[in-house]
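Thank you all for coming. I would like to walk you through one structure this morning, going slowly, since it will be new to most of you.

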Amino acid sequence: MTKDLDHLQREALQALEAVDDEGALTGWRTSYLGRKGEVTEAVKALGGLSPAERPAYGRRVNEVKQALEAGYEARLQELKEAGQARSLTADAVDVTLPGRPPRPGRLHPASRTLREMYSIFGEMGFQIYRSCDVETDEFNFALLNMPPHHPARDMWDTFYTTVPGVILRTHTSPGQVRAMRAYYPEPIRVILPGMCYRYEQLTARSEFMFNQLEGLAVGETITMADLKGTIVAFARRMFGAGRQVRFRASHFPFTEPSAEVDMDCVLCRGAGCRVCKYTGWLEIAGAGMVHPVVLENGGYDPDRYTGFAFGLGPERVAMLKYGIEDIRYFWGNDLRFLAQF
Ligand SMILES: [Zn+2]
C-alpha cells in the first residue's frame, strides 16, 4: 500500500512540474487534493485497512499530502513571479521617449488686461482697493447721489437678491464711498477693479457681467487737469504713444462736471471706419469730478477736498487692443477663443 503512495507522490510532483499557468495549477490541485482527488481518496482508504497496517499507512499518506500541498504553494508562488516578470517586460515603459508636457495654463484675456492696467496705474501711484460684488441699494445708488426713484437708476437695472435692498453691484462706483470711509481723512489714490452685473439684453457690445476698473483720487488740490492727465497717460501707455484723447461733456449723478472720454480709433487712426462708426473716435471711459454729495457721504468736507473719478471697461480695452469683435466671447468659455491669448 505504501508503495502506491510513493508512486502517487512521484506522479503528482512530476505533473506539477509540467503545470505552467495558474488555471492548470488549479486543475492539478482538484485532481490530487480536491474533495474527490487522489490523495483524499487515499486518506479514505485508511478505513479499510487492518489495525496493524494503519499507523504506517496513515503517517505516509499524511507525508504525501503535506508534500503535495507544499509543492502546490511553491508552484503558485513561482507562477505569480513569472507572471509579474512577463508583464514588466511586455508593458515596459520606454524611458527614452520624450515626455508629454502638460499644456500650460494662461491668464484669461480679461485678467491679463486688468493686470496690465494695474501696472500702468500702479506706476502713477494708484493702489488697488477691493470692494464687494454684492452691494446694498444704499451704496450702489443712494450714497452716489441717486435716491430712490431717481431716473438715473433706470440706466442700471440689476439682479436683486431675496434680501430686500441687497443687489449685485451695477458698477464699481459704490467702492468710492467705501474707500473714502476707509481712508478718511487721508488723501486717496486708488483703483477699484472687479465684476459688475446688469440685467441686460446680451449683444456683441453688452454682457450681463463684465469687469470695470474705477479710479478715484481725493485730496485738497485735485483738479480736472489731474483727471485729464491721468487718463491721457493711461491711454498712451495702453494703446501707444501719440494717442489722441478728448473729453465730451456728459452727465452722471455722482460726478460734477462729468465727461465721456474718447480716444482716436485704434484701427483707422481717426479717419473713420466701421468700428468707430465713421466718427474716428472710440469711447473708453466715463469720468468726472466727484460730486460734493458723494464726497460728503464718504466723510470728506467738499469745501476743502476735491476728487476725480473715472470708470474704464477692461473687456472693452481688451477688445480694442486685440481686435475682439464680440464681448460675449469673454465669458463663453470657448477654448478656441481663450487659447489665442
Ligand atoms: Zn475707426
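Let me start with a question: in which sense do β8 and β9 pair, and over how many bridges? They pair in the antiparallel sense, and the pairing runs over 5 bridges. Before I go further, I should say that what you see is a predicted model, and I ask you to keep that in mind throughout.

If you look for a place where these two strands face each other, G286 stands opposite G311 in β9. On its other pairing, β8 meets β7, again in the antiparallel sense, this time over 8 bridges, and there D262 stands opposite E283 in β8. As for how far β8 is covered, 8 of its 10 residues are buried.

D262 deserves a second look, as its side chain meets that of R248 in a salt bridge, at 2.7 Å from N to O. Since D262 lies in strand β7 and R248 in strand β6, the pair ties together parts that are 14 residues apart in sequence. The two partners are not equally covered, because D262, at 3% relative accessibility, falls under the 20% limit and counts as buried, whereas R248, with a relative accessible area of 33%, is partly exposed. Nor does this pair stand by itself, for salt bridges that share partners join R246, R248, D262 and E283 into one network.

From the strands I turn to a helix, α8, which covers residues 224-239. How far apart should its ends be? With 16 residues at 1.5 Å each, counted as one less than the number of residues, the helix should span 22 Å, and the end C-alpha atoms are indeed 22 Å apart, so the expectation and the model agree. At the start of α8, a side-chain oxygen of T223 reaches to within 3.1 Å of the backbone nitrogen of A225, and just after the helix G240 takes a positive phi of about 115°.

Which residues of α8 are buried? They are L227, T230, I231, V232, F234, A235, M238 and F239. These buried residues pack against several elements, including the strands we have just visited, β6, β7, β8 and β9, and also the helices α5 and α10.

Now to salt bridges within a helix, of which I will show two examples, both from α4; the structure as a whole holds 16 salt bridges. In the first, the side chains of E63 and R60 meet at 2.8 Å, N to O, and, being 3 residues apart in helix α4, which covers residues 54-90, they are separated by about one helical turn. An α-helix has 3.6 residues a turn, so residues three or four places apart point the same way. E63 is partly exposed at 40% relative accessibility, while R60, with a relative accessible area of 18%, is buried.

The second example is E78 with R75, where the closest N and O atoms are 2.5 Å apart, and here too the partners lie in helix α4, 3 residues apart, about one turn of the helix. E78 counts as partly exposed at 44% relative accessibility, and R75, at 16%, counts as buried.

My last topic is the aromatic rings. A search of the whole structure finds 17 aromatic pairs. In one of them, the rings of W28 and Y32 have their centres 5.3 Å apart and their planes at 45°, which lies between the limits of 30 and 60 degrees, so the pair is described as tilted. Both residues lie in helix α2, residues 22-33, and are 4 residues apart, about one turn of the helix. W28 is buried, with a relative accessible area of 4%, and Y32 is buried as well, with 7%.

Another pair, F121 with F126, is edge-to-face, with 5.6 Å from centre to centre and 80° between the planes. Here F121 counts as buried at 1% relative accessibility, and F126 is buried with a relative accessible area of 7%. Finally, for those who would like one more place to look, ring pairs link Y322, Y329, F330, W331, F337 and F341 into a cluster.

Conventions
Residues are numbered from 1 along each chain as its sequence is written. This is a predicted model: local features need pLDDT of at least 70, side-chain atom pairs count only at pLDDT 80 or more; totals for chains, interfaces and linings use all residues. Side-chain values use heavy atoms; hydrogens and water are left out. Buried means under 20% relative accessible area, exposed over 50%, partly exposed in between (1.4 Å probe, protein chains only). Contact means heavy atoms within 4.5 Å. A polar contact is a pair of N or O atoms within 3.5 Å; within protein, one must be able to donate a hydrogen and the other to accept it, and residues adjacent in sequence count only if both atoms are side-chain atoms. A salt bridge is a side-chain nitrogen of Lys or Arg within 4 Å of a carboxyl oxygen of Asp or Glu. Two strands pair if DSSP finds at least two bridges between them. Rings of Phe, Tyr and Trp (its six-membered ring) pair if their centres lie within 6.5 Å; planes under 30 degrees apart count as stacked, over 60 as edge-to-face and the rest as tilted.
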